[in-house]
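User: I should like to learn how to read a structural model, one feature at a time. May we work through an example together?

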Amino acid sequence: MANLGFVGLGVMGGNMVARLLDKGHTVTGYNRTRSKAQWLVDRGMKWGDSPRAVSAAADMTFSMVTNAAAIHSITDGSDGILAGLGPGKLLIDMSTVSPSVSRALAARVREKGADMIDSPVSGSVITLQEGKLSVMVGGRRETFERAKPILQDVGPKVTYVGDNGLALVLKIATNLSLAVQMLAFCEGVLLAEKSGIARETAVEVLTHSAIASPMVQYRGPFVLKMPAEAWFDVNMMQKDMLLALEMGRNLDVPLPTTAVTNEFLTAARGMGLVKQDFAVMFEVLARMSGIDK
């Protein structure tokens, strides 16, 4: 069993720690708000008073935070993850940030004699809890091989995609498609509803049709009832859409459907729905269609 650390115990990170504990690993964790991690402490997780304390205690440290600013806040300074790293240690960053930010961090990790892989995941909380999460990995091949058995305890599908940053490219490519698919699904439901078909019937048919990707199957019902706590809110999804649009400009790849979908996320923000799951784009489109959701 491995001696692990985990910094960032949000909805996904916390559930990952729960899986790692269930697999018998020792986990030392840190979260900015300790009270949100108490349920994990109760299950056997050790508490680290700082990101540095976590990386100093662990052989492999996972990090999973919201954006580049959060990455800097947990890695830099005297209490940051970097200060606790040393030769032979490994940082596994699961945050969704730009590939350039991740590569720069990897270079700083290697200055400590440690190594780093970027390892974003594809799936939801439900996917994670069911043990069906997909994990992408970018970094040195030998480091991937070292981390692979631990990552397989998080999700069964672990794929090496190449050098540092490339897993994040695939993660961003995946997430732009999630939002685009969701908007298209909303359009189909509303077209059916305004034609006289009950919304529930439209959702039932579409989530069991040829267009029913795994995402549509588990998120499609959100147009009937949104979850009490967002799985992936508007703010988080728009951050990833903007990363995709920036990459598209840099690589000369037009992303027309991404651009349009991003505008609906902006509209959701304008309507005060920023903390809702990004499936709330349905409400935006419904209002535009003259339907009171």
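Analyst: Certainly. Please note that this is a predicted model. Let us begin with M237, which is in contact with N175, L178, A179, F232, L265 and F278, once its neighbours within four places in sequence are left aside.

User: To which larger grouping does M237 belong, and which residues have the most contacts inside it?

Analyst: The term to know here is the nonpolar core, a set of buried nonpolar residues joined through side-chain atoms. In this model the largest such core has 38 residues, and M237 is listed with M182 and F278 as having the most contacts inside it. Two or more residues come from each of helix 9 (166-194), helix 10 (199-206), helix 11 (214-219), helix 12 (234-251), helix 13 (256-270) and helix 14 (281-288). Helix 9 gives the most, with 11 residues. Apart from this core lies another, of 33 residues, including F62, I92, A147 and L151.

User: Is L178 buried or exposed?

Analyst: One compares the relative accessible area with a cut-off: under 20% is buried. L178 has a value of 17%, so this residue counts as buried. L178 lies in helix 9, and beyond its neighbours within four places in sequence it is in contact with M215, M237 and F278. Sequence separation and spatial distance should be read side by side: L178 and F278 are 100 residues apart in sequence, and their C-alpha atoms are 9.6 Å apart in space.

User: Where does S95 lie, and which polar contact joins its side chain to that of another residue?

Analyst: S95 is found in the loop between strand 5 (90-93) and helix 6 (99-111). Its relative accessibility is 1%, and therefore S95 counts as buried. A polar contact of 2.9 Å links its side chain with the side chain of D93. The side chain of S95 also reaches the backbone nitrogen of V65, at 2.9 Å. With neighbours within four places in sequence left aside, the contacts of S95 are S63, M64, V65, I71 and L168.

User: Which residues line the second largest pocket?

Analyst: For a pocket, one considers the space and then the lining. The second largest pocket holds about 170 Å³ of space. Its lining consists of S98, P99, S100, R103, V169, E246, M247, N250 and L251. Helix 6 and helix 12 each supply at least two of these residues, and helix 12 gives the most, with four. By character, the lining divides into four nonpolar, three polar and two charged residues.

Methods: Residues numbered from 1 in each chain as written. Predicted model: local features only at pLDDT ≥ 70, side-chain atom pairs only at ≥ 80, totals over all residues. Heavy atoms only, no water. Buried < 20%, exposed > 50% of the residue type's maximum accessible area, 1.4 Å probe, protein only. Polar contact = N/O pair within 3.5 Å; in protein donor to acceptor, adjacent residues only side chain to side chain. Contact = heavy atoms within 4.5 Å. Core = buried A, V, L, I, M, F, W, Y, C linked by side-chain atoms within 4.5 Å. 1 Å grid on protein atoms, 1.4 Å probe; cavity = no way out; pocket = protein on both sides within 12 Å on 5 of 7 lines; lining within 4 Å. Points joined across faces, edges and corners; volume = space filled by probe spheres on them. Nonpolar A, V, L, I, M, F, W, Y, C, P; charged D, E, K, R; others polar.
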